[in-house]
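Please open the structure in the viewer and keep the sequence beside it. The tour proceeds by selection, one stop after another.

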Amino acid sequence: NISFNHFSQNIATDIKMKIFSAPLLLSLLTGSFVDGAGKNPDNAVGALISMSNGYLTPDVFNPNELVPLFLENYRPNDLVMYHRFEDGTYSIQGKFPTGGDGFGPAVVTNSIISVGSNVFVCNMLSNTVTMFEINRFGAVRLDTVTSGGSTPSSLAYRDGILYVFNAAYDVPSNAIFAKGTPSITAFEVHDGSMTPIPKFTRTLTDWTDEGGAEIEITPDGRFLLAGIAGIADETFETFNSALLVYRLNDAGRPSAEPVEVLQEGLDYFSAAVIDEYEGKTFLYAANLIGGTVSSYRLRNGGQIVPITPPVQGPSIGSDAAVCWVERYGNYLYTSNFSDNTITSFLIDRSTGSVTLLEEIAFDVSAVSGAF
């Protein structure tokens, strides 16, 4: 998970971007990602913020040395900061301990987000969330709180409230399968601290042992979406995936129950992206197994209407496993972490339709651990 912040008068201002911003994507593919080494940090125009999460932990001063992933070998979580320069190159600034242990399922999105000069990070194994302040010189840890559930894995923010999706995975025993009941908790963010809001907590009892994947808030702030991975059994043959839609009142409090439960077209749900275009809200959802992408329209009342049935990305039988989807302009990109490729799709933003563009748009095998 990666977040990008832009420096303005030594203050990081919010440009919410995921990994597939075009400049960052191109820099990864052309090898310029670390070409800024040795440049003067005073000339940096922004910061790229990542976290180790206990998977592949780079030695930031020897970035080619990675700690391999083993279930019995989790590590403390770190925030890793890179300076970004005007020519699109990056240099490593340093790493900053979150104060918690990072480890968790492969299928999670938004476990690190930026809001203004603040960055929020999930410590999945410790069941905590950490808040940092970012400046040109590094990251200052402001607060760490208990998440209120098991395996905090995805974050969303709106109007001073941080929402946490506790995905309930079986870690550190087996990070692939779910164990327990997912929940959504919320915290008031004020003056560098996070205060729990108990009445905002929603326990997803109907989805016990299914595993959470992602939460998102619609651009208009009216709905909170929670994605369920749906890991029904260890055979990986059946899944009970879903997208839950909660209405948010004016105070940001989620409805007691979802106003919509979507399961059509979801098969081991991994990630979704929301696009608001000409007054209409569209959802693009990706499935881990099979590498498909489907599209939907979110109505004003919270109802979800299917548009494009699952479109096959990587070939059936390939090693691709889609864990991320992002929109840039009229294109969708999915990252296939098992074979280090990126698939591209063409979308019609006015209708929400999706068609496959290139099964392998980019092969990033040379960028070890990038995805």
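The stops below go through strands, a sheet, a ring pair and two single residues.

This is a predicted model, in which local features need pLDDT of at least 70, side-chain atom pairs count only at pLDDT 80 or more, and totals for chains, interfaces and linings use all residues. Residues are numbered from 1 along each chain as its sequence is written, and side-chain values use heavy atoms, with hydrogens and water left out.

**Stop 1: strands 28, 29 and 30**

Select residues 341-348, which form strand 29. Strands (E, at least two residues) are DSSP runs, numbered from the N terminus. Is strand 29 mostly covered or mostly uncovered? Strand 29 is mostly covered, since six of its eight residues are buried. Buried means under 20% relative accessible area, exposed means over 50%, and partly exposed lies in between (1.4 Å probe, protein chains only).

Next, add residues 331-336, which make up strand 28. Strands 28 and 29 run antiparallel and are joined by six bridges; two strands pair if DSSP finds at least two bridges between them. Within this pairing, Ser335 stands opposite Ile342 of strand 29. The two strands form a hairpin with four residues between them, and Asn340 in the turn has a positive phi of about 55°.

Now add residues 353-363, which are strand 30. Strand 30 pairs with strand 29 in the antiparallel sense over seven bridges. Leu346 is found opposite Thr355 of strand 30. Strands 29 and 30 also form a hairpin with four residues between them, and here Gly352 in the turn has a positive phi of about 85°.

**Stop 2: an open sheet**

Strands of a sheet pair through backbone hydrogen bonds, either parallel or antiparallel. Select strands 19, 20, 21 and 22: these four form an open sheet in the order 19-20-21-22, with antiparallel pairing. Strand 19 (212-217) and strand 22 (260-262) stand at the edges with a single partner strand each, so one side of each has no neighbour in the sheet. The twist averages 15° from one strand to the next, where axes are lines fitted to C-alpha atoms and angles run from 0 to 180 degrees between N-to-C directions.

Within the sheet, highlight strand 20 (residues 223-228) and strand 21 (residues 242-247), which pair over six bridges in the antiparallel sense. Phe223 stands opposite Arg247 in strand 21.

**Stop 3: an aromatic pair**

How many aromatic pairs does a search of the whole structure find? The search finds one. Select Phe120 and Tyr157: their ring centres are 6.1 Å apart and their planes are at 20°, so the pair is stacked. Rings of Phe, Tyr and Trp (its six-membered ring) pair if their centres lie within 6.5 Å; planes under 30 degrees apart count as stacked, over 60 as edge-to-face and the rest as tilted. Phe120 lies in strand 9 (residues 118-123) and Tyr157 in strand 12 (residues 152-158), so the pair ties together parts that are 37 residues apart in sequence. Phe120 is buried, with a relative accessible area of 1%, whereas Tyr157 is partly exposed at 22%.

**Stop 4: Asn118 and Thr281**

Asn118 is also found in strand 9 and counts as buried at 17% relative accessibility. Not counting residues up to four places away in sequence, Asn118 touches Ile113, Met131, Phe132, Glu133 and Leu142; contact means heavy atoms within 4.5 Å.

Finally, select Thr281 in strand 24 (residues 280-287). Thr281 is buried, with a relative accessible area of 9%. Beyond residues up to four places away in sequence, its contacts include Ile274, Tyr296 and Leu298.
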